[in-house]
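Me: I should like to learn how pockets and surface patches are read in a protein model. Could we work through an example together?

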Amino acid sequence: MEEVFNHRPVLLNEVLLSLDIKPDGVYVDATVGGAGHSLQIAKRLSSQGALFGIDQDPVAVKTAGERLKSFPNARVLQGNFSSMKALLKEQGIFKADGILLDLGVSSYQLDTPKRGFSYNYDAPLDMRMSCQGLSAFDVVNSYTLEELSRIIRDYSEERFSFKIAKEIVKRREISPIKTTLELADLIKEAIPAPARREGKNPAKRTFQAIRIEVNGELRILEDSLKDAFSLLNVGGRLSVISFHSLEDRIVKNTFGEFCQGCICPKEFPVCVCNRTPKGRLVSKKPITAQMQELEENKRSHSAKLRTIEKIKEE
C-alpha cells in the first residue's frame with residue numbers, strides 16, 4: 001500500500017498573516033511536509049512569484065510534489081532545512097521574501113507505525129525523518145550510560161533521566177532493545193509509580209529526547225535560523241513554529257540577537273559599537289492556537305509561532 005503523507009497544518013491562518021505574502025515574492029517552506037502550508041502560500045502567488053518546499057523525508061517530498069504540481073512556480077527539493085542556502089543556490093535563488101519553519105515531528109511520522117516514532121505502536125526503533133543514517137536503535141543500543149542520561153535530561157528535561165538510562169543499559173546487556181513498545185515498557189518500569197500516575201505517558205519525554213538526538217534537531221536549529229534570516233530581503237519575514245520549550249527558547253534567543261542594538265558597556269557615555277537592530281519582532285509574544293483549532297487538532301496545543309521581519313541588510 002502506497003504511503004500517504006497526511007498532515008494538517010498547524011496555525012495555518014496565523015502563518016499566512018505572519019508571512020505577509022506578496023504575490024510576486026519568493027517564499028520557502030523549509031519543512032514542507034504534506035504541503036499544508038505550502039498549498040495555501042502557492043495559491044496567493046502570481047505567475048511572477050515562486051515557492052520552494054524543502055523536506056528531508058522522501059515520502060513528504062513525493063507527496064508535496066504531487067499536491068503542488070498544478071502550480072508551475074512551485075518546486076519541492078529534498079534535503080534538511082539546515083542546507084536551505086545550498087539547496088536554493090542550486091536553483092539560482094539567493095534571496096527570499098518569506099521563510100517558514102514548522103519544527104518537530106509530523107502527524108504522518110507519528111501515526112505511521114513502521115517509522116518507529118511513537119510509543120503507541122509496536123514497531124522497530126527508527127525515528128529517522130530522512131529514512132537514513134543514525135537510528136533510534138543505534139542510540140539506544142550503543143550510547144554509553146552517561147550519553148543516554150545526558151540526552152534524556154537535556155533534550156526532554158526528564159527528571160528521571162539517569163534511572164531510565166541505567167535501565168536501558170541493563171536491558172540491552174541481556175539482548176538488544178529492538179522495538180518501540182519494548183523501550184516504552186522499560187521506561188515505565190524505570191520511573192517511580194507516583195510519577196507514572198501524573199497523567200502523560202511516561203515514555204513521552206524520553207522518546208522526544210531520542211528523536212531529537214537521531215535527527216540532530218537542536219544542534220542545527222540556531223545556525224539554520226541564522227542562515228534563513230540572512231536569506232531574507234529587507235522587509236522579508238521568517239516564521240517559526242515550535243512545539244517544545246527547548247526549540248522555542250532557541251528561536252526566542254536567536255530572534256532576540258537579530259533585534260539587539262548597541263552592546264556597549266553601560267558606563268560608556270556614547271555608543272562606539274555602532275550596532276543597530278537587523279530585525280524586528282512582528283509580535284512580542286508567541287502566537288498560539290485559537291479555541292476552535294485547539295478542539296480540532298491536538299497537535300496545535302503546544303504550538304508557538306514566532307515571526308521576525310528583516311529591517312536592515314547584514
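Me: About how much space lies in the second largest pocket?

Reply: Please keep in mind that this is a predicted model. The second largest pocket holds about 190 Å³ of space.

Me: Which helices each supply at least two residues of the lining of the second largest pocket?

Reply: Helix 1 (12–19) and helix 14 (291–296) each do so. Among the lining residues are Arg-8, Pro-9, Glu-14, Gln-290 and Asn-297. Sorted by class, this lining has three nonpolar, four polar and four charged residues.

Me: How much space lies in the largest pocket, and which residues are the closest to its centre?

Reply: The volume of the largest pocket is about 1100 Å³. It is lined by 31 residues, of which Leu-110, Tyr-119, Lys-204, Gln-208 and Ser-302 are the closest to the centre.

Me: Which helix gives the largest share of the lining of the largest pocket?

Reply: Helix 11 does, with five residues. Helix 5 (107–111), helix 11 (204–215) and helix 13 each supply at least two residues. By class, the lining divides into nine nonpolar, 12 polar and 10 charged residues.

Me: Let us turn to the surface. Which residues make the nonpolar surface patch?

Reply: Phe-268, Val-270 and Val-272 make this patch, with an area of about 280 Å². Val-272 is found in the loop between helix 13 (245–259) and strand 6 (279–281).

Me: Why does Val-272 count as exposed?

Reply: A residue is called exposed when its relative accessible area is over 50%. Val-272 counts as exposed because its relative accessibility is 52%.

Methods: Residues are numbered from 1 along each chain as its sequence is written. This is a predicted model: local features need pLDDT of at least 70, side-chain atom pairs count only at pLDDT 80 or more; totals for chains, interfaces and linings use all residues. Side-chain values use heavy atoms; hydrogens and water are left out. Patches are made of residues with over 30% relative accessible area and no salt bridge: like charges are joined within 9 Å, nonpolar side chains (Val, Leu, Ile, Met, Phe, Trp, Tyr) within 5 Å. Accessible areas come from the Shrake-Rupley method with a 1.4 Å probe; for residues, only the protein chains shown count as cover. A salt bridge is a side-chain nitrogen of Lys or Arg within 4 Å of a carboxyl oxygen of Asp or Glu. Helices (H or I, at least four residues) and strands (E, at least two) are DSSP runs, numbered from the N terminus. Buried means under 20% relative accessible area, exposed over 50%, partly exposed in between (1.4 Å probe, protein chains only). On a 1 Å grid over the protein atoms alone, a cavity is a set of points where a 1.4 Å probe fits but cannot get out, and a pocket is an open set with protein on both sides within 12 Å along at least five of seven lines; lining residues have an atom within 4 Å of a point. Grid points are joined across faces, edges and corners, and a volume is the space filled by probe spheres set on the points. Ala, Val, Leu, Ile, Met, Phe, Trp, Tyr, Cys and Pro count as nonpolar, Asp, Glu, Lys and Arg as charged, and the others, Gly among them, as polar.
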